[in-house]
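The following note is offered for the file on this model. It takes up the open and enclosed spaces first and then the packing of helices.

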Amino acid sequence: MTLLDAAALGRLQIEFQQSMRALLTDLCVDMESQYVDLAERLDLPVAYFRFVSQSFDRASYSNWRVVGWIETLNDLVYFLDLLQQVRKERDQRAFAEQLFAECEQKFFENSYLDDLFPRGRAQAKGLANRLQWLCMRLAREATQEAIFFDARWAMQWRRRLGLSTWEVSGSLDQHFERAERAFTLSVGTAGDELVAPPSVVKAVGQQIQRVVFEVTRHEIALKKNRPIFICTWEGTNVQWHWPKRAAAEAATTPLGPLTVGPTLHYGKDRQPKSVAASHPQQTARIARAWTTIKQAWPDGYAVLELLTSRIIPLKATGVVSFSYRHRPGLSFINCFDRNNLDLIDDLIHENSHHHLNLLLRKHVMYQGDHNQQIFYSPWRRSLRPIRGILHATFTFTMGALLFARLSSWAETRKGATKWRQAGLTQRDLLRARFRCLEEIESVRYSIQDLDYAGRHLKWLTGSGARLVRQLEEAIAKAEQKIACHRKSVLASPFGPALRKHRNALQQARQAYGPIHLGAI
């Protein structure tokens, strides 16, 4: 499979969907057999989870919301097992130290380490209580989310059981990882939301307070002094009693729409602060960048439309765009501190993370490194583990290919016209060529380290080594395409930055190694 083989990636995605469905089935079996007492204490509706698993179509099993929900259940089962262990463990200190190390390696994208060890060290005292609190939170989140994948499912399930009322503890608080606004309920898997009317906001009070959802065979309501109806099932249709807001669509693809969600705002401390409605201007900018990629780089676009399905605008000074392994297709894109060229770059960059994460679901590419941070990252300018170097090398190789393609596209008559229509300037063209040359230097540096990790440290598997060779071939092609512009870039205002970058990599090689591999 080549790097941009969209057909092969499509087949791999089908395998991924099948594996996620199997994982959900296995998790239900585990909760019903190995953790039945804990599941009952946490009010986990395992039978309903199983019902939901049978209701999803195949494609849903690669949806960012569904995968994230399944991964939450997977984490919950892991912590249920730990909760059983910690109550029997004699050496609480050793248990805490081992769990602290595991959380550092396994959950670097989650808040679990802070939840379990808020003081930043392996504190054994109170660990069982913190584990129980975490399990309770995950159980509430997973159950609430399961109810609103399709409100009919919850009501239909009650009908099948012949039961009347089911009470579920939940929340109307904002959720940063899913980019959900306070006093809204996400419904479906595309990003639609129900907005609580002002009367409901007044009745509930503070958004952080716990609420109780009441599910019957005919309606779902918020339980207060009197039921506040959210929806009712009439015939074959669901009647919504809260205003329903459809997800904004920036583009349509054969696989479904590209949706744009609310904006995630960060504070001055670079931490998430609030989730607010996105301005239509951001949807328009994303749509224009999406179209530009489609016109300029068809091969890259084919992978983009396959693997990216939702964009969350990010308003965060000094914070780069990001994505999560456990939410494939969901990209948080900084749309405020970045210009039009940066936006195009960020869409491809985050999609490349989704791309590599899909490959890593199938193939083990590194092993035995124990998360050792010994490789210098030209992008972060710090030492990183092999996992981080592989991700960066992959994504920035894609970036170099993008910039090389943009450069050649803008040289054509049609491309030059489209370039201006995309809100791009001649300076952007020069900067794209500079960025391409800059990324080529950085990628070549890290490929040498990856090659060393594979050949000498034996940290790369056969699959990992093959991927590195593909990246080396791809960066060579990008270099061949951009070589004719090297002199003009060096003679431009970007020339000093490119020379400085090359010198910094030479100095890094001498300073960090892991061995002296020669001049860049």
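1. The model under review is predicted. Its second largest pocket has a volume of about 850 Å³. The lining of this pocket comprises 39 residues, and those lying nearest its centre are Ala59, Ser62, Leu255, Leu306 and Ser309.

2. Four elements give two or more residues to the lining of the second largest pocket: helix 1 (6-33), strand 10 (256-260), helix 11 (298-307) and helix 12 (340-362). Of these, helix 1 gives the most, with 6 residues. In chemical character, the lining of the second largest pocket divides into 18 nonpolar, 16 polar and 5 charged residues.

3. As to enclosed space, the structure holds 2 cavities of 30 Å³ or more. The volume of the largest cavity is about 60 Å³, while about 50 Å³ of space lies in the second largest cavity.

4. The largest cavity is lined by Leu4, Trp297, Gly300, Val303, Ile348, Asn351, Ser352, His355 and Met398. At least two of these lining residues come from helix 11, and at least two from helix 12. Helix 12 gives the most to the lining of the largest cavity, with 4 residues. The lining of the largest cavity has 5 nonpolar and 4 polar residues, and no charged residues.

5. The second largest cavity is lined by Arg285, Arg288, Ala289, Thr292, Asn340, Leu343, Ile344 and Ala422. Two or more of its lining residues are given by each of helix 10 (280-296) and helix 12. Here helix 10 gives the most, with 4 residues. By class, the lining of the second largest cavity divides into 4 nonpolar, 2 polar and 2 charged residues.

6. Which elements recur among these spaces deserves a remark. Helix 12 gives two or more residues to the lining of the second largest pocket, at least two to that of the largest cavity, and two or more to that of the second largest cavity. Helix 11 likewise appears in the lining of the second largest pocket and in that of the largest cavity.

7. Turning to helix packing, helix 3 (residues 46-55) and helix 7 (residues 127-147) pack at an angle of about 45 degrees, and their axes lie 11 Å apart. Angles from 35 to 65 degrees fall in the oblique class, so helix 3 is oblique to helix 7. The crossing in which helix 3 passes helix 7 is left-handed. Tyr48, Phe49 and Val52 of helix 3 make the contact with Ala142, Thr143, Ala146 and Ile147 of helix 7. The residues of this contact divide into 6 nonpolar, 1 polar and no charged.

8. Helix 3 also packs against helix 8 (residues 151-161): the two axes come within 11 Å and cross at roughly 120 degrees. Helix 3 and helix 8 are therefore oblique to each other, and their crossing is right-handed. On the side of helix 3, the contact is made by Ala47, Tyr48, Phe51, Val52 and Ser55. On the side of helix 8, the contributors are Trp153, Ala154, Gln156, Trp157 and Arg160. By class, this contact has 7 nonpolar, 2 polar and 1 charged residues.

9. Which residues of helix 3 take part in its contacts with both helix 7 and helix 8? Tyr48 and Val52 are named in the contact with helix 7 and also in the contact with helix 8.

Key:
Residues are numbered from 1 along each chain as its sequence is written. This is a predicted model: local features need pLDDT of at least 70, side-chain atom pairs count only at pLDDT 80 or more; totals for chains, interfaces and linings use all residues. Side-chain values use heavy atoms; hydrogens and water are left out. On a 1 Å grid over the protein atoms alone, a cavity is a set of points where a 1.4 Å probe fits but cannot get out, and a pocket is an open set with protein on both sides within 12 Å along at least five of seven lines; lining residues have an atom within 4 Å of a point. Grid points are joined across faces, edges and corners, and a volume is the space filled by probe spheres set on the points. Ala, Val, Leu, Ile, Met, Phe, Trp, Tyr, Cys and Pro count as nonpolar, Asp, Glu, Lys and Arg as charged, and the others, Gly among them, as polar. Axes are lines fitted to C-alpha atoms, for helices over the stretch in contact, and angles run from 0 to 180 degrees between N-to-C directions. Angles under 35 degrees count as roughly parallel, over 145 as roughly antiparallel, 65 to 115 as roughly perpendicular and the rest as oblique. A crossing is left-handed if the near helix is turned anticlockwise from the far one by less than a right angle, and right-handed if clockwise. Contact means heavy atoms within 4.5 Å.
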